[in-house]
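Reader: Could you take me closely through the aromatic rings of this protein, taking the pairs one after another? I would like the reasoning spelled out as well as the values.

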Amino acid sequence: MLNFILGGAGVGKSEEIIEKIRICSESGKKCLVIIPDQFSFEYDKKLYKKLGAVTYNNLTVLSFSRLAKTVFSQFGGNVGSYIGECAKLSLMRTATLRVAKNDSIRYYGKHYNSGSFTQMISSAVTELCRSGISPEKLTEKRPLIDGALSEKTADVTNIYSEYLNLLNERGLKDSVRDISTAARVAAKNDYFSGYEIFIDEFRSFTPDEYELLDVAIKQCDGMTVALTLENPSTKCRVFEPVKKTYLHLCRSAEAHNIRHNDTILDEQHRYLSKDIAFLSRNLFRHNTDTPVTSENIRILKSPDPEVECNFVAAEIK
């Protein structure tokens, strides 16, 4: 079962999912919590405070990058030393010069010697890797395009392919490929079997993260995802990016004949002031049903940021 906990900001989605984590852990099940890298420290603290040491220590709390490394440590499948960012740029430069030496750079012939080009092609290769697009796929699709775009694609494909060849020659690996590789290893070894998975603090996922989640949805005993989405059946531009995430996960579940269930929260818990709660809910909406007066919100105009900051500091009680 794929379970969603949905609602706007401040309605208690994290509190709800943490309570479900508690129930799952105390029942003796294996619990995997997936959170973004940037929230790992704060979320760990929140879990520890809410659940206590004993329950917290029974959890596995990981980001996608750490999850990939955990899969490798258990099943292997990713041999070699990681290349650092500076070494990656150097190797990308070497790959570019090799391709240029073979007269295989056409569109970027006047630009490939610049440092900015190396940075640009490195960023492009990173995005291609995260999206699961190989040089072979680019070559396959190139006949569908023409003109300058076709020449650009050919140059990027050649440099991308040579960069991967250099990695293999030197026994190196690029961490940007870890999540996709981990998805294949996890699929082969049934890694997520027996796990209840909980996912919080995400708005969207990269293509390689979707690839790993698809494997997890298929294998795990259950998955619960908290998303900032008031109601998937209503139209609201504020939530459109998150709605796409919701629909993508729903399609993954349906592809594996797995049902999904929505729990929608709408009671505001974050703000004591009704005025601020109203503002939070309606700031980006076309809403004509506005209060006549407000006790807790004032709109002020300041001549510059310094005056604004001084006024706000003076008003803090």
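Author: What follows is a walk through the aromatic ring pairs and the charges that sit over rings. The model is a predicted one, and in it the count of aromatic pairs comes to 11. A pair of aromatic rings is described by the distance of the centres and the angle of the planes.

One of these pairs is formed by Phe4 and Tyr246, whose ring centres are 4.6 Å apart and whose planes stand at 55°, so the pair is tilted; an angle over 60 degrees would be needed for edge-to-face. Because Phe4 belongs to strand 1 (residues 2-7) and Tyr246 to helix 10 (residues 240-255), this contact ties together parts that are 242 residues apart in sequence. Both Phe4 and Tyr246 are buried.

A further pair is made by Phe202 and Phe205, with centres 4.8 Å apart and planes at 35°, so this pair is tilted, since only planes under 30 degrees apart count as stacked. Phe202 has a relative accessible area of 10% and is therefore buried, and Phe205, at 8% relative accessibility, counts as buried, the cut-off being under 20%. Ring pairs also join Phe202 and Phe205 with Phe64 and Tyr210 into a cluster.

Turning to the charges, Lys30 is placed over the face of Tyr195, at 4.3 Å from the ring centre, while Lys173 lies over the face of Tyr82, at 4.2 Å from the ring centre.

Notes: Residues numbered from 1 in each chain as written. Predicted model: local features only at pLDDT ≥ 70, side-chain atom pairs only at ≥ 80, totals over all residues. Heavy atoms only, no water. Phe/Tyr/Trp six-rings, centres within 6.5 Å; stacked < 30°, edge-to-face > 60°. Helix = DSSP H or I, 4+ residues; strand = E, 2+ residues; numbered from the N terminus. Buried < 20%, exposed > 50% of the residue type's maximum accessible area, 1.4 Å probe, protein only. Lys NZ or Arg CZ within 6 Å of the ring centre and 35° of its normal.
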